[in-house]
Amino acid sequence: MSITKPSIPKGTRDFSPAEMSRRNYMFDIIKDVFRTHGFLPLETPAMENLSTLLGKYGDEGDKLLFRILNSGDFTRGLDTADLGDPAAMAPKISEKGLRYDLTVPFARYVVQHRNDNIFPFRRYQIQPVWRADRPQKGRYREFYQCDVDIVGSRSLLNEVELVQITDKVFARLGISVTVKLNNRKILAGIAESIGHADRMTDITVAIDKIDKIGMEAVCEELSGRGISGEAIDLLKPILQLEGDNHAKLNRLRESIGKSETGLEGIAEMEKLLGYCSALGLDGNLEVDLSLARGLNYYTGTIFEVKANDYQIGSICGGGRYDDLTGIFGMPDTPGVGISFGADRIYDVMNGLGLFPEEATVTTRVLFLNFGPAEEAAAMKELASVRQAGIPSEIYPDSAKIKKQMDYANKRSVPYVVIIGSDELASGTAVVKDMRSGEQQTVPLGTVAGAVSK
């Protein structure tokens, strides 16, 4: 009988203890910033009803949903005619799907628990999401998002706060970033000014791919979507405006000044930039008129964050979605949020060597084991070290010292404590720094203090 070699699905990953230690370091910093800004933790199920998910991400997003087959005989409700029609068959064999992001499940939660929430409702959520995408560098089928959202307020101060959070998170992680900004109202104004106000979705879905496929390929896609050549010629110079943020907005006003919606978006952008400038946050902000974030639910400001020193896609993104809860029967509940892509942030930090030593070392102290009497003394000292909050362990078997020291080296344990027969007789312990090779002899009962220093 042949044995199948174990594997995992493409686009998913195992995380080793060292990787998990680094990831937890990253998550702890992100959570700490979220909590400092008064956000509350929340979790939602991995799977949602497809009725909750479908139609919220546009046609492109719907294609990337992982659908879950109904349990039991999932073919029970099928007719013979359905077998030749995937569109008719899909809803009959699958009623649930894995969540695509955290925002739509959050909107569902807000509506479902509207009587329990206090508005404005501020939550943070750190959980995995799934997308049936083609795996590639920085793009996975299973990945974590770290979201913060504020629901129940239209104030632009909320957008300012999200910029503050973004600035703090990446400063503490040591990543130099550029925060790209745009506004869906500006995009609506652009679509109106080039004569295709009714084709905004087609236009935004296409221009959202500029970073991936380039301007010329985007123009070809726009043409394929039925956008006229004259409109494309009007669109290109707008998307390629240069200069500082205010210069771009001034020149944009000249191009789309006849659109009330577009002017409203420009005014919101100028107000946001003004707030950020007053707080000293405008140094890494860039107005990018090609930024579209092709999800249908965005209605105002949109964000995207790029790492400056590492080649990878966006590592953070979000925006305002004033109508999202309306699709679940709760209109007039504005919201804004931003999502940190934990897996891409990890790749950036790992690639740039930004994780500190303490993020990879779990055990700080290893007690060697030389036999029953020495083991008993080591266990007593071990309890004191752990009481001091220092991660520590004892080698479980009485083995040759070389084997135990090799274990410490492979685990990158910084300190080894030796209590052999000589030390036991003299009431002492030897504390060895594995990095420098230096060692000191201390009285039993003081190991915790010696290691803490």
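## Salt bridges across the chain

A salt bridge here is a side-chain nitrogen of Lys or Arg within 4 Å of a carboxyl oxygen of Asp or Glu. With that in hand, let's look at this predicted model, where the count comes to 26 salt bridges. One of them pairs arginine 23 with aspartate 343, whose closest N and O atoms are 3.2 Å apart. Arginine 23 belongs to helix α1 (residues 17-36) and aspartate 343 to helix α14 (residues 342-352), so the pair links distant parts of the chain, 320 residues apart. How accessible are the two partners, arginine 23 and aspartate 343? Arginine 23 has a relative accessible area of 1% and is buried; aspartate 343, at 2%, counts as buried too.

Another pair to visit is arginine 293 with glutamate 304, which meet at 2.9 Å, N to O. Arginine 293 sits in the loop between β8 (285-287) and β9 (301-307), while glutamate 304 is in strand β9, so this bridge ties together parts that are 11 residues apart in sequence. Because buried means under 20% relative accessible area, arginine 293 at 16% qualifies, and glutamate 304 at 12% does as well. Through shared partners, salt bridges also join Glu60, Arg199, Asp202, Lys209, Glu221 and Arg225 into one network. Within it, arginine 225 bonds to glutamate 221 by a salt bridge whose closest N and O atoms are 3.1 Å apart, and arginine 225 counts as partly exposed at 23% relative accessibility.

## The nonpolar cores

In soluble globular proteins, nonpolar side chains tend to be buried together. In this model the largest nonpolar core has 96 residues, and Met26, Ile175, Leu252, Ile315 and Phe340 have the most contacts inside it. Helix α6 (residues 157-173) gives the most to this core, with 7 residues. Apart from it lies another core, of 18 residues, among them Phe367, Ile390, Val431 and Val442.

Phenylalanine 340 is a handy place to start exploring. Leaving aside neighbours within four places in sequence, its contacts include Phe34, Tyr144, Ile315 and Ile345. Three residues of α6 that are buried, Ile165, Val169 and Phe170, are also in contact with phenylalanine 340.

## Helix α6

Does the length of α6 agree or disagree with what its residue count predicts? At 1.5 Å a residue, its 17 residues should span 24 Å, and the end C-alpha atoms are 24 Å apart, which agrees. Its buried residues include charged ones, Glu159 and Glu161, along with Leu162, Val163 and Leu173. After α6 comes glycine 174, with a positive phi near 85 degrees.

## Two open sheets

Five strands form an open sheet with mixed pairing, in the order β13-β12-β14-β15-β16. Its edge strands are β13 (392-394) and β16 (439-443), each pairing on one side only, and the twist averages 25 degrees from one strand to the next. Helix α15 (residues 372-387) packs on the sheet, touching β12 (365-367) and β13, and its direction makes about 170 degrees with that of β13. Helix α16 (residues 401-410) lies across β12, β13, β14 (415-418) and β15, running at about 165 degrees to β12. Strand β15 (residues 428-433) runs antiparallel to β16, joined by 5 bridges; there, valine 430 stands opposite threonine 441.

The other open sheet has 3 strands in the order β2-β4-β3, with antiparallel pairing. Over 2 bridges β3 pairs with strand β4 (residues 96-98), where glycine 97 is the bridge partner of arginine 67.

Note on methods
Residues numbered from 1 in each chain as written. Predicted model: local features only at pLDDT ≥ 70, side-chain atom pairs only at ≥ 80, totals over all residues. Heavy atoms only, no water. Core = buried A, V, L, I, M, F, W, Y, C linked by side-chain atoms within 4.5 Å. Buried < 20%, exposed > 50% of the residue type's maximum accessible area, 1.4 Å probe, protein only. Helix = DSSP H or I, 4+ residues; strand = E, 2+ residues; numbered from the N terminus. Contact = heavy atoms within 4.5 Å. Expected span 1.5 Å × (residues − 1). Pairing = 2+ DSSP bridges. Axes fitted to C-alpha atoms, helices over the stretch in contact; angles between N-to-C directions.
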